[in-house]
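Reader: I work at the bench and would like a close look at a single part of this protein, followed outward to whatever surrounds it. Please take me through it carefully, one step after another.

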Amino acid sequence: MTAATILFIDDDDDLRAAHVQGLELAGFTLRSFAGGHDALKGLTPDFAGVVVTDVRMPGMDGFEVFKRIQAIDDTIPVVLITGHGDVPMAVRALKDGAYDFLTKPFAMDTLSAALRRALEARRLILENRQLRALYTAAGDDEDRLLGESSVMQHLRQTIAQIAAADVDILIAGETGVGKERVARTIHRQSDRRHKPFIQVNCAVMPDSIFAAELFGVDSGARLEAGAPLSRRSVGKIEKAQKGTLFLDDIEGLSLPLQAKLLRVVEARELWVLGADEPRPVELRIIASSRSDLSQAMEAGAFRADLYYRLSGVTLKVPPLRNRKDDILLLFQHCLVAASARLKRSAPPLTAELSRHLQAHDWPGNVRELEQYAERYALGLEVATAAELDSFDGDQGLSARVAAFEAALLRETLSGCQGSAAEAMKRLKLPRKTFYDKLNRYRIDIRAFR
């Protein structure tokens, strides 16, 4: 029983029907019972709702119901409905852990408000329980593709279908969405799982050095004007033999290197620099791109033949803003991993934090979420829902604008890993204005690196 449901127990049929109708009109999901025995059937520690019970009932009274619920899970919220004569007993029950008690007669708005608070408290308890469970199991699922949204379920199903097919794959998605994790998941689910997974970042080195790193160099060959190499250098393509070669940010390859790579993709032949003949290679190629390669192809920046060879199977990894339902689960895993790495206990989640996680668009995607979780684990001051919402409060306009501006600065620094140049570019601020604002709001840019 995991839905956020109100169990309403009262032996008075008319009162029970009236309360149930009123609560349903207020938007609650209910199950009603005339006694405690039936209500407790199937109640488990993962119950996500609240129990409302009358105190005076024949057979099993409300206090007995409360005690039995405590035996199942003493954190399930129980709201007692009492007559005036039951108040001293209700107060004792409250001290023993009952969530609240209401004295008859009470307004429906009073009951509704108590139930909303109780449901929020229960949600946080279950989320933090899940977090502790994740903390215990940290490290078991480092490369899992997490998320229960429809887009992530479809992505996992597609990976399961193609992993064993041994076809080349193109993974498309924005920066930070987890393209490398998708590639590793494909490798792990394929028949090549026990062979090397070699990752190559295609946008980090000059062509001459990169070509040597990728294709390898025969002994005696020269790199530009340097002395001939005394021994052979094995390139990353050859290191991936019988395994998986992951070409990250493949749009960063120059056109000459794309031409050299095409031979590997088409014929599975490797021309080592300085070699007299090609060498056969047997591997799977997975490429990733954060830009639209079809547009790059039309613009002449990417070879059409290489694009069509690689894009036969294309996986699109969705950004976080398109799978908001997954954010809390992802954050919990990020927080567990960060806390374990920092050798700290994972701090509990709060309602304020949950609101912030849902309100933010996460332009840096999972990578930004990971960094936010690390700062949260460290207890650093970060932009929270309180800061973002403060401009709706009772402060004057200037104070609200300042609170929002400080929050925006922190979030932007978070998304660009503390890069001042990138933050100034995103915020369209001149250097002096940017640093003046950091000083004004006492923001330490080093905390975001």
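Author: A good place to begin is Asn 365, which sits in helix α15, a helix made of residues 365-378. The model is a predicted one, and what follows should be read with that in mind. Asn 365 counts as buried because its relative accessibility is 0%, where the cut-off for buried is under 20%. Leaving aside residues up to four places away in sequence, Asn 365 touches Glu 174, Thr 175, Gly 176, Val 177, Pro 319 and Leu 320.

From here the view can be widened to a neighbouring stretch of the sequence. Ala 172 has its C-alpha atom 7.8 Å from that of Asp 292, although the two residues are 120 apart along the chain. Asp 292 belongs to the loop between β11 and α11, and it is classed as partly exposed because its relative accessible area is 40%.

The same loop between β11 and α11 also holds Arg 290, whose partner Asp 249 lies in the loop between β8 (244-248) and α10 (255-267), so this pair ties together parts that are 41 residues apart in sequence. The link itself is a salt bridge between the side chains of Asp 249 and Arg 290, with an N to O distance of 3.7 Å. The two partners differ in how they are covered: Asp 249 is buried, at 11% relative accessibility, whereas Arg 290 is partly exposed, with a relative accessible area of 47%.

Strand β11 leads on to helix α6, since β11 (284-289) is among the elements that cover the buried residues of α6, and β6 (169-172), α7 (179-189) and β12 (314-316) are included in that cover as well. The helix comprises residues 150-162, and its 13 residues should span 18 Å at 1.5 Å a residue, which agrees with the 18 Å that separates its end C-alpha atoms. Its buried residues are Met 152, Leu 155, Thr 158, Ile 159 and Ile 162. Seen down the axis of α6, these buried residues fall within an arc of 120 degrees, so they line one face of the helix. The face turned away from that buried side carries Ser 150, His 154, Ala 160 and Gln 161, which are exposed.

Helix α1 can be read in the same manner. It runs over residues 13-25, and for its 13 residues a rise of 1.5 Å a residue gives an expected span of 18 Å, in agreement with the 18 Å between its end C-alpha atoms. Buried in α1 are Arg 16, His 19, Val 20, Gly 22 and Leu 23. Because they cover an arc of only 165 degrees around the axis, they are put on the same side of α1. On the other side, Asp 14, Gln 21 and Leu 25 are exposed.

Charged pairs deserve a further look, because side chains of opposite charge can pair when their charged atoms come close. The count of salt bridges comes to 25. One of them joins Arg 323 to Asp 326, with the closest N and O atoms 3.2 Å apart, and both of these residues are buried. Another is formed by Lys 437 and Glu 405, whose closest N and O atoms are 2.8 Å apart. That pair links distant parts of the chain, with Lys 437 in helix α19 (residues 431-440) and Glu 405 in helix α17 (residues 397-415), 32 residues apart. Lys 437 is buried, with a relative accessible area of 12%, while Glu 405 counts as partly exposed at 23% relative accessibility. Asp 166, Arg 192 and Glu 282 are joined into one network by salt bridges that share partners.

The surface offers another kind of grouping, in which Val 204, Met 205 and Ile 209 form a nonpolar patch with about 250 Å² of accessible area together. Met 205 is placed in the loop between β7 (197-201) and α8 (207-215), and it counts as partly exposed at 33% relative accessibility.

Turning finally to the protein chain as a whole, its secondary structure comes to 19 helices and 12 strands. Of its 449 residues, 47% count as buried, and the chain exposes about 22500 Å², of which carbon and sulfur atoms supply 51%. Among contacts between residues at least 6 apart in sequence, 69% join residues at least 24 apart.

Methods:
Residues are numbered from 1 along each chain as its sequence is written. This is a predicted model: local features need pLDDT of at least 70, side-chain atom pairs count only at pLDDT 80 or more; totals for chains, interfaces and linings use all residues. Side-chain values use heavy atoms; hydrogens and water are left out. Helices (H or I, at least four residues) and strands (E, at least two) are DSSP runs, numbered from the N terminus. Buried means under 20% relative accessible area, exposed over 50%, partly exposed in between (1.4 Å probe, protein chains only). Contact means heavy atoms within 4.5 Å. Accessible areas come from the Shrake-Rupley method with a 1.4 Å probe; for residues, only the protein chains shown count as cover. Patches are made of residues with over 30% relative accessible area and no salt bridge: like charges are joined within 9 Å, nonpolar side chains (Val, Leu, Ile, Met, Phe, Trp, Tyr) within 5 Å. A salt bridge is a side-chain nitrogen of Lys or Arg within 4 Å of a carboxyl oxygen of Asp or Glu. The expected span of a helix is 1.5 Å times one less than its number of residues. The arc is that of the directions from the helix axis to the C-beta atoms.
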